Amino acid sequence: MAYMRIGLCDDSPGDQAAALEVLEKLGLQADVFGTGEALQAAFWKQPYDLVLLDIEMPGTGGYELALVLKKQYEACEIVFITEHMELVLEAFRFKPAAFVPKGQLAEELPRALRRILEKGRENPVFVTRKKNRDRIVELNQVVYLKYIYDHEVQFTLKDGSSFSETGSMKQFEAELSPKGFLRIYSNCMVNALYIVRMEREAVVLASGEQLAVARERREGVRKAYMEYLMKC
């Protein structure tokens with residue numbers, strides 16, 4: 001793994017030890033802090049590339065710290081660590097690199113660290129073959145796709161442009177679901193990368209656009225979105 005400066009902030013000595021054990025197995029080291037104030041003072045002198053951050057701590061909590069650290073050094077990656085799974089959706093308002101349950105540190109923290117270090121590598125692509133003409137599209141540029149008519153599916157891209165491809169939603173769901181796309185309606189799949197909030201009956205995209213979620217899919221979409229956030 002590449003070298004990075006890591007800070008670990010948790011008020012529990014037991015949880016500190018558990019996180020350090022994971023890091024050591026990966027050949028990584030971290031400066032340890034028991035309070036948010038102590039981390040903040042050290043960060044001011046020299047920013048960390050990565051901070052493992054407990055959400056609930058006495059004094060300055062994880063959410064407040066994340067805002068301050070990002071303002072000081074935008075490139076800092078934040079990994080939230082908590083035992084309260086109900087906080088996962090709220091936590092992602094702060095755009096962390098990952099969210100790791102304390103009860104799954106040994107399994108999930110190494111995966112999160114590898115994903116962080118692999119950022120910047122080639123983006124996954126989608127190859128369309130309409131009319132025997134190949135078209136390569138970076139998946140992180142696709143916002144959503146909708147079935148139009150007669151086996152025509154329209155892809156809407158981040159820049160506002162679109163193109164159509166022949167196929168069925170079932171076909172595209174099989175190919176794109178493992179890559180972070182959620183089928184929110186019988187005729188629509190959306191890239192979870194661009195979801196900023198889930199309402200009761202819709203998902204809200206980074207552009208402000210809202211896409212309706214079918215009633216029978218709401219619980220499944222919410223669960224799939226949380227699972228996606230856990231893997232980010």
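Exposed means over 50% relative accessible area, buried under 20%, and partly exposed in between. The model used in these exercises is predicted.

**Exercise 1. Classify P178 and place it in the fold.**

Task: State where P178 lies and whether P178 is buried or exposed.

Step 1. P178 belongs to the loop between α6 and β11 (181–185).

Step 2. The relative accessibility of P178 is 67%, so P178 counts as exposed.

Step 3. Although P178 and Y228 are 50 residues apart in sequence, their C-alpha atoms are 9.6 Å apart in space.

**Exercise 2. Find the two sides of helix α6.**

Task: Determine which residues of helix α6 (residues 169–176) are buried and how they are arranged around the axis.

Step 1. The buried residues of α6 are M169, F172 and L176.

Step 2. These three cover an arc of only 65° around the axis, and therefore lie on the same side of α6.

Step 3. The general rule is that an α-helix has 3.6 residues a turn, so residues three or four places apart point the same way.

Step 4. K170 and A174 are exposed on the other side of α6.

**Exercise 3. Work out the order of the parallel sheet.**

Task: Give the strand order of the five-stranded open sheet and identify which strands stand at the edges.

Step 1. The order is β2-β1-β3-β4-β5, with parallel pairing.

Step 2. β2 (31–33) and β5 (98–101) each have a single partner strand, so one side of each is left without a neighbour in the sheet; these are the edges.

Step 3. On average, neighbouring strands of this sheet are turned by 20° against each other, direction ignored.

Step 4. As for one pair in detail, three bridges link β1 and β2 in the parallel sense. In this pair, G7 stands opposite D31 of β2.

**Exercise 4. Describe the surroundings of D10.**

Task: Locate D10, decide whether D10 is buried or exposed, and list what D10 is in contact with.

Step 1. D10 sits in the loop between β1 (6–9) and α1 (13–25).

Step 2. D10 counts as buried because its relative accessibility is 4%.

Step 3. With neighbours within four places in sequence left aside, D10 is in contact with D15, Q16, F33, G34, D54, M57 and K102.

Step 4. One of these residues, K102, has its side chain in a salt bridge with that of D10, at 3.1 Å from N to O. K102 is in the loop between β5 and α5 (105–117), so the pair ties together parts that are 92 residues apart in sequence.

Step 5. K102 also counts as buried, at 15% relative accessibility.

Step 6. A network of salt bridges links D10, D15, D54 and K102.

**Exercise 5. Trace strand β14 and its partners.**

Task: For strand β14 (residues 202–205), establish which residues are buried on each side and which strands pair with β14.

Step 1. A202 and V204 on one side, and V203 and L205 on the other, are all buried, so both faces of β14 are covered.

Step 2. The general rule for a regular strand is that side chains alternate between the two faces of the sheet.

Step 3. β14 runs antiparallel to strand β13 (residues 195–198), joined by three bridges. The hairpin between β13 and β14 passes through three residues.

Step 4. β14 also pairs with strand β15 (residues 210–212), in the antiparallel sense and over three bridges. In the hairpin of β14 and β15, four residues stand between the strands, and G208 takes a positive phi near 95°.

Step 5. V204 is the bridge partner of R197, and Q210 in β15 is the bridge partner of V204.

**Exercise 6. Compare two salt bridges by exposure.**

Task: For the salt bridges E199–R197 and R200–E201, state the N to O distances and classify each residue as buried, partly exposed or exposed.

Step 1. The side chains of E199 and R197 meet at 2.7 Å, N to O. E199 has a relative accessible area of 32% and is partly exposed. R197, at 42% relative accessibility, also counts as partly exposed.

Step 2. The side chains of R200 and E201 meet at 2.9 Å, N to O. R200 counts as exposed, at 64% relative accessibility, whereas E201 is partly exposed, with a relative accessible area of 44%.

Step 3. The count of salt bridges in the model comes to nine.

Technical notes. Residues numbered from 1 in each chain as written. Predicted model: local features only at pLDDT ≥ 70, side-chain atom pairs only at ≥ 80, totals over all residues. Heavy atoms only, no water. Buried < 20%, exposed > 50% of the residue type's maximum accessible area, 1.4 Å probe, protein only. Pairing = 2+ DSSP bridges. Arc of directions from axis to C-beta. Contact = heavy atoms within 4.5 Å. Axes fitted to C-alpha atoms, helices over the stretch in contact; angles between N-to-C directions. Salt bridge = Lys/Arg side-chain N within 4 Å of Asp/Glu carboxyl O.
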